[in-house]
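Reader: I've got the structure open and I'd like to know what sits behind the labels. Can we go through them together?

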Amino acid sequence: MSRAEDRGDPFALEPYLEEERARVGEALEDILRDLLPDLPEAIGRPIAHSVRAGGKRLRPILCATAFRASGRGGVGAAVYRLAGSLELIHTYSLMHDDLPCMDDAPLRRGQPTAHTVFGEAATTVAGAALIAAAGSVAWEALVALGVGEDTRRRVLVRLADASGARGMVGGQALDIDAEGRPLSREEIDRLHGMKTGALISSSLEIGAMAAEASEVRTQALAEYGRRIGLAFQIADDVLDATSSTGVLGKKPSDDALAKSTYVGLLGVEGARRRAEVQVDLAIHALDTVNLDSAALRALARYVVERAN
Ligand code: GRG
């Protein structure tokens, strides 16, 4: 249990997020210290810029929280390095997603995007370096946690599937294919389940697997992750439609790219209601296996109540 988790109900989410972000930040700095000396500076700079740009660190926080909720105590560095591997994948996806051949975005996390500072070629290569780094960082963190070789292999397969054609990259491919064409609710759900939901859900599953949780609990956490992943994306569409560049740290873009969104399909209020239902279903998934985690319940609410 972390210090903030130990403070009892009502759960103090803000201090929890602050503490967790600090621990994730330390782990990412550690990872950069290992990684950057092996790379030419021109490639290392976009990595350092993008990894240090901040962001909510939601995926690593979910991973570390699922690890603890599965009965492995402590806040040791290794679990945050494992969690950090998910942030490396997420960061690469943002770097590539912002490129001129994708969303062509000037701003991310309130900062100029990597390609606008360091160029497209260096940013493309730097993003690719992060994918491979994530695999080795995760493997070594699992070794440090004393996780058996079979589970280590299964975690790496999970990470690869969630990041690749069966997950995030597959969802991005569907997104590119859908531009300018209206999608049904089922199609939008599938697209975002892969593009955004797969990495979020795998963050929880990987935390549970590293803690050697039972299969039934691991699957309940994966279901919780799918539900909050969908809620997260719906909330993202609502924020994109209702918030400003200053608050979001990026330019709202879905309208400009003629993308089908949950707000377009359900309206702002309908989208908010659907996100709330997903949060309730996420918490229900935990209840079915008696997984009593105030942190996970609070994080599910945070996903739809966040300001950016
Ligand atoms: C291979 C060239 C090439 C491109 C692929 C993989 C990929 C590019 C794109 C993935 C799509 C993607 C970026 C999905 C995530 C969408 C999303 C909701 C991002 C924002 O996540 P937050 O709000 O961001 O957690 P912070 O900044 O808080 O970390």
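Author: Here is a short run through the ligand contacts and the ring contacts, and this is a predicted model.

Reader: Okay, what makes Lys56 a polar contact of the ligand?

Author: The cut-off is a pair of N or O atoms within 3.5 Å. A polar side-chain atom of Lys56 lies 2.6 Å from an oxygen atom of the ligand, so the pair qualifies. Arg59 has a side-chain N or O atom 2.8 Å from a ligand oxygen, and for His90 the value is 2.8 Å too. The protein covers 87% of the 750 Å² of accessible area that the ligand has on its own.

Reader: Which helix gives the largest share of the shell around the ligand?

Author: That's H4, with six residues. Helix H4 (77-97) is one of the helices that supply at least two shell residues each, and helix H9 (185-210) is another. By class, the shell has six nonpolar, seven polar and six charged residues.

Reader: Why is the pair of Phe11 and Tyr16 called edge-to-face?

Author: Ring centres must lie within 6.5 Å, and these are 5.2 Å apart, so the rings pair. Planes over 60 degrees apart count as edge-to-face; here the angle is 65°, so the label fits. Phe11 and Tyr16 are both buried.

Reader: How do you know that the charged end of Arg59 sits over the ring of Phe232?

Author: The distance limit is 6 Å from CZ of Arg to the ring centre, and Arg59 is at 5.6 Å, so it passes that part. Arg306 also lies over the face of Phe232, 3.8 Å from the ring centre.

Technical notes. Residues numbered from 1 in each chain as written. Predicted model: local features only at pLDDT ≥ 70, side-chain atom pairs only at ≥ 80, totals over all residues. Heavy atoms only, no water. Polar contact = N/O pair within 3.5 Å; in protein donor to acceptor, adjacent residues only side chain to side chain. Areas by Shrake-Rupley, 256 points an atom, 1.4 Å probe, with all protein chains shown as cover. Helix = DSSP H or I, 4+ residues; strand = E, 2+ residues; numbered from the N terminus. Nonpolar A, V, L, I, M, F, W, Y, C, P; charged D, E, K, R; others polar. Phe/Tyr/Trp six-rings, centres within 6.5 Å; stacked < 30°, edge-to-face > 60°. Buried < 20%, exposed > 50% of the residue type's maximum accessible area, 1.4 Å probe, protein only. Lys NZ or Arg CZ within 6 Å of the ring centre and 35° of its normal.
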